[in-house]
Amino acid sequence: MEILPEILQRRSVRAYTSQPLDKDQVERIIEAGRLAPSAKNRQEWRFIVMQKKETRMKVMDAAFNQDYVGQAPVIIAVCTTNIDYRMPNGQPSYPVDLAFAASHIVLQAVHEGLGTCCITTFDEQEVREILTVPFSMRVVLLILVGHANETPEPTPRKTLRQVAGKDHW
Ligand SMILES: Cc1cc2nc3c(=O)[nH]c(=O)nc-3n(C[C@H](O)[C@H](O)[C@H](O)COP(=O)(O)O)c2cc1C
């Protein structure tokens, strides 16, 4: 079965070198997020790229001081600009839209030879204040991006039989 190499190579990386990223690399990674699909093509997202050490250290604090959060030379806050819009099925669109954008970002970063980790263990209110996020908008997840300083083993996945059905549940 042929699967995209980036999908097979991706791991959550929780140790980074201090090597900075190229400006073009960062731009391509964000561009990948910009091109993601979204419900009704509303694109109600905003990607805040943090590279300044001062900002990253504040965000590390807001992420309960987890040191690998501070190690990553780039932290991308994946934010929504609309928490109210619901899809025709009645469900809120922003978690789905942002998950697509985050996947694009992560897979492009892997394509660039970089490591990533999605982080949701943070105090959203603190991150909102650091990034001056407007009242009605939310910071849904942080993505760490950098040169990996570890080679994580693959984590287990359920089998296809466990997660996929044919014509019924
Ligand atoms: C929505 C989401 C939230 C996550 N939150 C965290 C987190 O707060 N801290 C962390 O270290 N990893 C976090 N992860 C990474 C997962 O733990 C990881 O993807 C999972 O264990 C599978 O491992 P792998 O990414 O190496 O395949 C998160 C991943 C996702 C998709």
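**Polar contacts, shell and surface patch**

Student: What makes the pair formed by the side chain of Arg157 and the ligand a polar contact?

Tutor: An N or O atom in the Arg157 side chain is 2.8 Å from an oxygen atom of the ligand, and a polar contact is a pair of N or O atoms within 3.5 Å, so this pair qualifies. Tyr68 also has a side-chain N or O atom 2.8 Å from a ligand oxygen, and for Arg14 a polar side-chain atom lies 2.7 Å from one. Taken alone, the ligand exposes 620 Å², of which the protein buries 62% (Shrake-Rupley areas, 1.4 Å probe). This is a predicted model, where local features need pLDDT of at least 70 and side-chain atom pairs 80 or more, while totals for chains, interfaces and linings use all residues. Residues are numbered from 1 along each chain as its sequence is written, and side-chain values use heavy atoms, without hydrogens and water.

Student: Which residues surround the ligand?

Tutor: Arg10, Arg11, Ser12, Arg14, Tyr68, Cys117, Cys118, Ile119, Thr120, Thr121, Thr155 and Arg157 do, each with a heavy atom within 4 Å of the ligand. They divide into 4 nonpolar, 4 polar and 4 charged. Strand β3, residues 115–119, gives the most, with 3 residues.

Student: Why is Leu8 called exposed?

Tutor: Its relative accessible area is 52%, and exposed means over 50% (buried is under 20%, partly exposed in between), so Leu8 is exposed. Leu8 lies in helix α1 and belongs to a nonpolar surface patch with Met1, Ile3, Leu4, Ile7, Leu160 and Val163, about 780 Å² of accessible area together. Helices α1 (5–9) and α7 (160–163) each give two or more residues to that patch.

Notes: Patches are made of residues with over 30% relative accessible area and no salt bridge: like charges are joined within 9 Å, nonpolar side chains (Val, Leu, Ile, Met, Phe, Trp, Tyr) within 5 Å. A salt bridge is a side-chain nitrogen of Lys or Arg within 4 Å of a carboxyl oxygen of Asp or Glu. Helices (H or I, at least four residues) and strands (E, at least two) are DSSP runs, numbered from the N terminus. Buried means under 20% relative accessible area, exposed over 50%, partly exposed in between (1.4 Å probe, protein chains only). A polar contact is a pair of N or O atoms within 3.5 Å; within protein, one must be able to donate a hydrogen and the other to accept it, and residues adjacent in sequence count only if both atoms are side-chain atoms. Ala, Val, Leu, Ile, Met, Phe, Trp, Tyr, Cys and Pro count as nonpolar, Asp, Glu, Lys and Arg as charged, and the others, Gly among them, as polar.
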